[in-house]
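Me: Please take a close look at a single part of this model and describe it in its setting. I would like one connected account.

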Amino acid sequence: ALKAGALVDDRFVETSKQYRDRRGIVVNVISYDRQERRVIFMRPGYPHECFVPKDYFERYFREFEGDG
């Protein structure tokens, strides 16, 4: 069981950062999936994880610095 957990940890890089999507909505990035090369995030008011390819994320999302 410990080995399986280590593999999961190697695949997913957990984080907690806020970014704005291309429409200006602030999303909370929770993880990066190294195997599938995709960014995993949560949208406000939506209960399910969202996924986008890493290159799409880098093109259209900007780190959220806070208002003002």
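Reply: The account below goes from the whole chain to one strand, and then to residues in and around that strand.

This is a predicted model, in which local features need pLDDT of at least 70 and side-chain atom pairs count only at pLDDT 80 or more, while totals for chains, interfaces and linings use all residues. Residues are numbered from 1 along each chain as its sequence is written, and side-chain values use heavy atoms, with hydrogens and water left out.

The mean pLDDT (the predictor's confidence in each residue, from 0 to 100) is 88 for the protein chain, with 84% of residues at 70 or more. Over residues 1-7 pLDDT stays under 50, and the model has 0 contacts for that stretch beyond four places in sequence; contact here means heavy atoms within 4.5 Å.

The protein chain has 2 helices and 5 strands, in the order α-β-β-β-β-α-β from the N terminus. Both kinds of element are DSSP runs, numbered from the N terminus: helices are H or I with at least four residues, strands E with at least two. The chain has 68 residues, and 22% of them count as buried, where buried is under 20% relative accessible area, exposed over 50% and partly exposed in between, for a 1.4 Å probe and protein chains only. Of the contacts with a separation of 6 or more, 24% join residues 24 or more positions apart.

The 5 strands form an open, antiparallel sheet in the order β4-β3-β2-β1-β5. β4 and β5 (62-63) are at the edges; each has a single partner strand, so one side of each lacks a neighbour in the sheet. Two strands count as paired if DSSP finds at least two bridges between them. Strands of a sheet pair through backbone hydrogen bonds, either parallel or antiparallel.

The part examined here is strand β2, which spans residues 26-33. On one side, β2 pairs with strand β1 (residues 12-20) in the antiparallel sense over 7 bridges, and Val-13 stands opposite Tyr-32 of β2. These two strands make a hairpin with 5 residues between them, and Gly-24 in the turn has a positive phi of about 90°. On the other side, 5 bridges join β2 to β3, again antiparallel, with Ser-31 opposite Ile-40 in β3. This second hairpin has 4 residues between its strands, and Arg-37 in its turn has a positive phi of about 50°.

β2 also contributes to the largest nonpolar core. A nonpolar core is a set of buried Ala, Val, Leu, Ile, Met, Phe, Trp, Tyr and Cys residues joined through side-chain atoms within 4.5 Å. The largest such core has 10 residues: Tyr-19, Val-27, Val-29, Tyr-32, Val-39, Phe-41, Cys-50, Val-52, Phe-57 and Phe-61. At least two of them come from each of β2, β3 (38-42) and β4 (49-53), with the largest share, 3 residues, from β2. In soluble globular proteins, nonpolar side chains tend to be buried together. Leaving out residues up to four places away in sequence, Val-29 touches Thr-15, Ser-16, Lys-17, Tyr-19, Val-39, Ile-40, Phe-41 and Phe-57.

Asp-33 lies in β2 as well and is buried, its relative accessible area being 0%. Beyond four places in sequence, Asp-33 contacts Arg-11, Phe-12, Arg-38 and Ile-40. The Asp-33 side chain reaches the backbone nitrogen of Glu-36 at 3.1 Å.

Arg-37 belongs to the loop between β2 and β3. Outside its neighbours within four places in sequence, Arg-37 is in contact with Tyr-32, Pro-53 and Lys-54. Arg-37 and Pro-53 are 16 residues apart along the chain, with 6.1 Å between their C-alpha atoms.

Glu-49 is in strand β4. With 44% relative accessibility, Glu-49 counts as partly exposed. Among residues more than four places away in sequence, Glu-49 is in contact with Ile-30, Ile-40, Phe-41 and Met-42. The C-alpha atoms of Glu-49 and Ile-30 are separated by 8.9 Å, and the two residues are 19 apart along the chain.

Note on methods: Polar contact = N/O pair within 3.5 Å; in protein donor to acceptor, adjacent residues only side chain to side chain.
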